[in-house]
Amino acid sequence: MTDVGGGTPAAAGGPDVDVLVIGGGAAGLVTALQLAKLGHSVHVVEARERPGGFVSEHELAGIRLDSGAESFATRKGTVAALAAEVGLGDDVVAPNRAGAWVRWNGGTAPLPAAGILGIPGVPLADDVRRVIGWGGSLRAYLDRLMPLLRVRPEHDLGDIVRRRMGRRVLDRLVTPVVAGVHSADPSDVDVRTVAPGLTQAMTTQGSLSGAVMALREQAPAGSQVQGIVGGMHRLISALEEQLAFYGGTLETGTRVVSLQRSGEAGLDDRPDARPLWSVELARATAPSTPSATPPPTSAAPASPVPRRVTARALVVAAGFRPALTLLADAGVAALPAATAWPEPASVAIATLVVDDARLDAHPRGTGVLVAPGTTGVTAKALTHATAKWAWLAAQLPPHRHVLRLSYGRGGETLVEPELATVVADASTLLGVPLSVADVVDSDLVRWDDSLAFATVGHKARVAQLSEAVAAVPGLDVVGAWVSGTGLAATVEQAKTTASGIAAELRGHARLPR
Ligand SMILES: Cc1cc2nc3c(=O)[nH]c(=O)nc-3n(C[C@H](O)[C@H](O)[C@H](O)COP(=O)(O)OP(=O)(O)OC[C@H]3O[C@@H](n4cnc5c(N)ncnc54)[C@H](O)[C@@H]3O)c2cc1C
């Protein structure tokens, strides 16, 4: 690898690696591992001191906990299969079946069992009436009687729910769930992204609730989410280990600052040889997020930076904003304008470790989602982690509980809460008065540049971006902002992309992206 100032292109002796991956979050690590397994030399550059991105960990009261993602969608079994691939198959677990509750102005009740994103499959069921009352349930039932009018293609989830089932369902059920999962209002969210297949099922079933039931019947039995004993961050450590095992390398605390295509020369003189990329690396300054950055795990000696690395292929896995800058730098033409993208949300996760025997009864199941506009509470959701995950409760002394409260809704400026506010919110949401004196340990981790990637129009922007990137040989982009939020979508896209890159590196044609 060459010094940045040296100016000698490594092309003289061939590239340093086959593939350079920029960003060591889940997307980057999965892409890198698949390529390394196929025998390619891969180097991952990660700006933070630790890989994982939004899958991260912190230590509270002597126990390592997830500080970002804490579960994954079971859709297609993608993440469970990855966990098995990296040796964690026996540690994949389902959460407590009790489920979460919802809080609105005037009440708190369990979320109805038969639903998707809060949309009830059985509008007149007891658990639906408990949240939206008889009036709300009867209005929602009208969905079964109203004809489907296909006047225009429907993408706005909020609009679909309101027209088919009424405001109560939208405000008390769907909005809290969508805000909790996607940090966005249902009216800004593209139904095709957050509930794939729902509108097609509406056409065949003749109603929204019928579509919900049809999709639920198609889904495999059991929980829609799973976790990993010990926390999702173990997946990152396992990916890191496997990557090293297959000869891939990971460099943390280092940022890619610029990219350059250094001509059409390739590893060999085949006419279809790949162009070389020359990438400039610099020591990363302390990141602003997450606020609780753990110490580096790698004992490997740090590589010298600044310097340049050359590669046959580049994978941009850097997360939304940095990725857009890097792609523009890579000379990708016809990218959607920077102003065309929505502002991603900032969220903060406040974690409390508390000693209180009253929480042993799990008063609100696995947690509470809060309807926007609910007075007396500023959190948008609470996860009762020790109620949700039996493995976590088993690791703690009796009556000790872990509570995760999330703050920050899409479109609103995040106000980081004080500890007293977090404790007051936990008390309100759990219906158990807690005091700051009950708190054994706590912290607040802020995540910027996250989550608001399900909005209407996003799919079209991503399609334009993918086409523009596909026109540049040896360049790919992976990550939640392109694949859709969540580990299931991120992992699936990373694996598919890695297969395409591997085919191209072997000189084979690639399926259209
Ligand atoms: C608080 C929170 C909770 C979540 N909970 C869940 C959950 O329970 N289940 C679920 O499925 N999903 C969850 N998600 C979403 C999920 O975590 C993400 O969709 C997924 O982890 C995104 O992975 P990624 O690799 O695309 O991006 P990221 O995780 O953002 O990784 C990008 C990486 O690139 C690095 N980088 C950026 N710029 C550069 C540069 N110039 N040079 C080098 N490196 C760079 C960054 O430091 C980062 O590590 C959650 C997200 C958040 C924020």
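This section describes the ligand site, the largest cavity and several individual residues of a predicted model.

The ligand is surrounded by 35 residues. Of these, Glu46, Phe54, Ser71, Ala480 and Leu487 come nearest. Three polar contacts to the ligand involve protein backbone atoms. At Phe54, a backbone N or O atom lies 2.9 Å from an oxygen atom of the ligand. At Ser71, a polar backbone atom is 2.6 Å from a nitrogen atom of the ligand. At Leu487, a polar backbone atom is 2.8 Å from an oxygen atom of the ligand. On its own, the ligand has 1,000 Å² of accessible area, and the protein covers 90% of that area.

Several elements give two or more residues to the shell around the ligand. The helices are H1 (26-37) and H16 (487-505). The strands are E14 (254-261), E17 (345-355) and E21 (439-450). Strand E14 gives the most, with 3 residues. By class, the shell divides into 19 nonpolar, 12 polar and 4 charged residues.

A search of the whole structure for cavities of 30 Å³ or more finds 3. The largest cavity has a volume of about 100 Å³. Its lining includes Leu65, Asp66 and Glu70. Thr351 and Ala385 also line the largest cavity. So do Trp389, Trp391, Leu392, Val402 and Arg404. Strand E5 (63-66), helix H12 (390-395) and strand E20 (400-407) are the elements that give two or more residues to this lining. The lining of the largest cavity has 6 nonpolar residues, 1 polar residue and 3 charged residues.

Two of the lining residues, Leu65 and Val402, are far apart along the chain, with their positions 337 residues apart in sequence. Their C-alpha atoms are nevertheless separated by 9.3 Å. Leu65 lies in strand E5. Leu65 counts as buried because its relative accessible area is 5%, and the limit for buried is under 20%. Val402 also takes part in a polar pairing with Thr386: the backbone nitrogen of Val402 lies 3.0 Å from a polar atom of the Thr386 side chain. Thr386 is placed in helix H11 (residues 385-388). With a relative accessibility of 3%, Thr386 is buried.

A further pair of residues distant in sequence involves strand E9. Gly107 lies in this strand, which spans residues 107-110. Gly107 and Arg172 are 65 residues apart in sequence, and their C-alpha atoms are 10.0 Å apart in space. The relative accessibility of Gly107 is 16%, so Gly107 counts as buried.

Backbone geometry was also examined in two loops. Most residues other than glycine have a negative phi. Lys76 is not a glycine, yet has a positive phi of about 60 degrees. Lys76 lies in the loop between strand E6 (72-73) and helix H2 (78-85). Lys76 is exposed, because its relative accessible area is 65% and exposed means over 50%. Leu117, also not a glycine, has a positive phi of about 50 degrees. Leu117 is found in the loop between strand E10 (115-116) and strand E11 (119-120). Whereas Lys76 is exposed, Leu117 is buried, with a relative accessible area of 14%.

Methods
Residues numbered from 1 in each chain as written. Predicted model: local features only at pLDDT ≥ 70, side-chain atom pairs only at ≥ 80, totals over all residues. Heavy atoms only, no water. 1 Å grid on protein atoms, 1.4 Å probe; cavity = no way out; pocket = protein on both sides within 12 Å on 5 of 7 lines; lining within 4 Å. Points joined across faces, edges and corners; volume = space filled by probe spheres on them. Helix = DSSP H or I, 4+ residues; strand = E, 2+ residues; numbered from the N terminus. Nonpolar A, V, L, I, M, F, W, Y, C, P; charged D, E, K, R; others polar. Near = heavy atom within 4 Å. Polar contact = N/O pair within 3.5 Å; in protein donor to acceptor, adjacent residues only side chain to side chain. Areas by Shrake-Rupley, 256 points an atom, 1.4 Å probe, with all protein chains shown as cover. Buried < 20%, exposed > 50% of the residue type's maximum accessible area, 1.4 Å probe, protein only.
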